[in-house]
Each structure stands twice: as structure tokens, then as C-alpha cells.
Amino acid sequence: MRLFIAFLFLCLALAACKKKSQAGASAAQDAAQASSTPPPTPTPEPVDLNSEVIVLCYHRFEDKPKDSLAIKPSDFEAQMQTLKDNGVTVIPMADFLAWRRGEKGIPAKSAIVSIDDGYISGYSVGWPILKKFGYPFTMFIYTDYVKGGPKSGGQSISWEQLAEMRDAGVDIQSHTVSHSSLNARKGKNDEQYSAWLKNEIAGSKELLEQKLGIQIKAIAYPYGLHNDAVRETVKQAGYEAAFTVYGQRIGHSAEATMIGRYAIESSKPKVFEEAANFKGSVEGGGAGAMPAAVTMVTQPMDGETVSDPSPEIKANLATLGDVDPKSVTMRISGVGLVPATYDPETKLVSYRITQKLYTGQVTVIVGATVNGRKTEARWSFNVGSKEAKEANQAKEAS
Ligand SMILES: [Zn+2]
């Protein structure tokens, strides 16, 4: 049971943070007593929010690259060695997401290796090389391309091969259904466009989850393209991270729906060099970003499992500082933005869910302008009741 939530404060002095944490602790305890929840326990270790991450994006591996999206296996192997030589630690997607949630530290220079689309060479060529280095990696799959699918071909990976990778610990995430440019409406009216987006974004997630029995938390936009509607749909679908192909180092407070990746192409060796040297721009990090872990009493608590599929959700913002009452927002995974109420006197933001939540993990994101700066806090709980399961089955059946 962790009641420590990481907040992303930009340019907040450490001394000020300490003061607020202490002031917040007593407020948090009061609130804890009021709601008869146990007092908060501290996180075991501080999470370094100043780490930086590069995300590498590959497609195919070929001895004689037919186009720039293909990389020679020997070049790929040399690049993986360069990461090691440069003191860069390749981390799994799960660690990156846990770090973003403030739950886990990652090395100062970290990298994620990702392979897009679902070409067989990721399985037959890329994987053995990555195994040699003991590197974790992520496969971003668009489901229409998997063997048997409407866009599959001779180079498609199969569901069986994906299952084999899953069993060996390879991370699998979404790259939509059809690999179309998500920002292109192509004559669709508002309703048609949003239904189509929902299928590409939420539909691919559901299909991968059902076929492979996994939880999909990340998506890579085809060609890196997105717009407001795309990003909103991504949030509603419950993704924790969405990736573009705008290469830059990623800091802790990088916007979740626009995480840049370096597209590694055989015709542009400089891109990999820049990434591996941790040069160039940083998104959502750098000088001025200051970690601040403060206590926040939430209901349900972080990590708690509740049986009520329509729980009341509450958070005490007393520890945050000077909250602009009009700026407080609440988002719930699978639901989106909800009309939560905020009481400036008690500093409580609350919302009673009006629909049944599906079983599984629910993430709540509270946003607010604090001391004039945009701040975001999140926590997760689990819904595990019979009613919720029935609601879930009813949804699947319909
Ligand atoms: Zn792609």
C-alpha cells in the first residue's frame, strides 16, 4: 500500500518541497483519520526523476537493406554494443512506465529498444542479437499485419511467434489496427472519425490483450502522426504512454501522449549517434526539474483492490500547495475527464463514478495549477468484484 505519489513540479525549490511535505503530512494524517484509512507509509527509496531515456525505433533487419527502414544485422549489433560502451542501460517498457508513475528509479542514462510493425526479422534476426546482450525490448504490432490478417504478407510475424516472444519476456504493445495515419480524416464526419479512431486505438489494444492475454499500456503512432482527437482517444483507451518518431531524450515530465523516439534508419547513421551520445534536446526534463514526492491521501488507496465497481474517488490536495480551485481536473482511465468537484476549504477533490468500471487496474490522474504551475498526480487501484466482471462480460457480448 503506497500512499506516496510523485508529483511533477517544475522549478520548485527543494527547500520549499520539504516544507510542504511536512505541512502536508499532518493534513494527510487528519484526512486519513477522517476517512478511517490507515496512515501513509513512506516509499522505500526516492525515485530519481532526473534520469533521461532515449527510445530507439527499428523496423526490419536485412543483410542487404532494401530501403532505409531496414538495418544490417551487423550494424544493429554494433549499435547495441555502442549503448553498452556509452554506459547506457537498456530498460524494459514496464520500468519506464513505473518510473513515470514515480514508483521506480531507472539509471541516469536509459534506453528502450522498440521494433515496429511486426516483421518476421524482428523475431528471427533482431531478437537473437538482443538476447546476446540480455536487452529487454518492445514489439509495437499493428494487428492487421499479423499472419492471417488483411494486411499480412510473407514477412509477417505470426500470433504463435508473438506468443513465444511473450513467454520469453518480450514486451508487446500496440501500433494500431491498420497502420493508417491517425490524423487523416479522409472525408469522415466527426462521428465516423471518432468511431474509426476508437477502433484503431482501443480496438488494437483489446485484440492484442485477448489474443495474447497481456495488458497493453503503450501505443506507437503510425508514422508518428497524431492530433488532439488522437491523443484524447489514446487517454480514453487507458494507455499510459504514446510514442511518436520525433527523436529526443525523454525526461520524467514528458507529455504521456507525445513521447519521442529516434527512428533508426540505415541511411541516417547520425540519428543513432546523437541518441546514443545523449546529445540534442530533452523533452520534459533537464535543468530546473525538481523531484518532489509528497504524501497524498486518496480513496481508493494506491494499489488497493475494491469490490464496488462504482466507487467514490477522492484525493486530498492539501499537500500540493496553493491550488487554483478552478484548475482542478480529474481523469479516470477507461472513462476520461470526469466532472469532479473540488472543495477549496477541505482541499478534497471527489467524484462518484456513475458507470460501472470494468475489472482490472484503474488509474486516476488529478491535474491542477499549483503555485502558478501545472501539476499532475496519479494513482491506481484495482476493481475486482463479481458485478464488475459481469459488466465486463456484458460489454464483451454486446
Ligand atoms: Zn510502423
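In the predicted model, the contact between helices H2 and H4 is formed by Pro-73, Phe-76, Glu-77, Met-80 and Lys-84 in H2, which meet Val-125, Gly-126, Ile-129, Leu-130 and Phe-133 in H4. Sorted by the character of their side chains, the residues of this contact comprise 7 nonpolar, 1 polar and 2 charged. Helix H2 covers residues 73-85 and helix H4 covers residues 120-133, and the two pack at an angle of about 30°, with their axes 10 Å apart. Because angles under 35 degrees count as roughly parallel, H2 and H4 are therefore described as roughly parallel to each other. The crossing that H2 makes with H4 is right-handed.

A second helix pair can be described in the same terms, since two packed helices are characterised by the angle between their axes and the distance between the axes. Helix H6, made up of residues 190-212, packs with helix H7, made up of residues 228-236, at an angle of about 50°, and their axes lie 10 Å apart. With this angle, H6 is oblique to H7. H6 passes H7 in a right-handed crossing, and the residues that make the contact are Tyr-193, Ser-194, Leu-197, Lys-198 and Ile-201 on the side of H6, together with Ala-229, Val-230, Thr-233 and Val-234 on the side of H7. The residues of this contact divide into 6 nonpolar, 2 polar and 1 charged.

Turning to the strands, an open sheet of 5 strands is found in the order E16-E23-E22-E18-E19, and its pairing is mixed. Strand E16 (305-306) and strand E19 stand at the edges, where each has a single partner strand, so that one side of each is left without a neighbour in the sheet.

Within this sheet, strand E18 (residues 329-332) is paired with strand E22 (residues 360-370) in the antiparallel sense, over 4 bridges. Two residues of this pairing can be followed individually: Arg-331 stands opposite Ile-365 in E22, while Ile-332 has Val-364 of E22 as its bridge partner. Strand E18 is also joined by 3 bridges to strand E19 (residues 336-338), and these two strands run antiparallel. In this pairing, Arg-331 stands opposite Leu-337 in E19, and Ile-332 stands opposite Gly-336 in E19. Arg-331 thus has Ile-365 of E22 opposite it as well as Leu-337 of E19. The hairpin of E18 and E19 has 3 residues between the strands, and in this hairpin Gly-334 takes a positive phi near 85°.

Strand E22 is further paired with strand E23 (residues 373-383), again in the antiparallel sense, over 11 bridges. Val-364, the bridge partner of Ile-332, stands opposite Trp-379 in E23, and a path can therefore be traced across the sheet from Trp-379 to Val-364 and from Val-364 to Ile-332, with Gly-336 in E19 opposite Ile-332. The hairpin of E22 and E23 has 2 residues between the strands, and here Asn-371 takes a positive phi near 50°.

How values were computed: Residues are numbered from 1 along each chain as its sequence is written. This is a predicted model: local features need pLDDT of at least 70, side-chain atom pairs count only at pLDDT 80 or more; totals for chains, interfaces and linings use all residues. Axes are lines fitted to C-alpha atoms, for helices over the stretch in contact, and angles run from 0 to 180 degrees between N-to-C directions. Angles under 35 degrees count as roughly parallel, over 145 as roughly antiparallel, 65 to 115 as roughly perpendicular and the rest as oblique. A crossing is left-handed if the near helix is turned anticlockwise from the far one by less than a right angle, and right-handed if clockwise. Two residues are in contact if their C-beta atoms, placed from the backbone, lie within 7 Å. Ala, Val, Leu, Ile, Met, Phe, Trp, Tyr, Cys and Pro count as nonpolar, Asp, Glu, Lys and Arg as charged, and the others, Gly among them, as polar. Two strands pair if DSSP finds at least two bridges between them.
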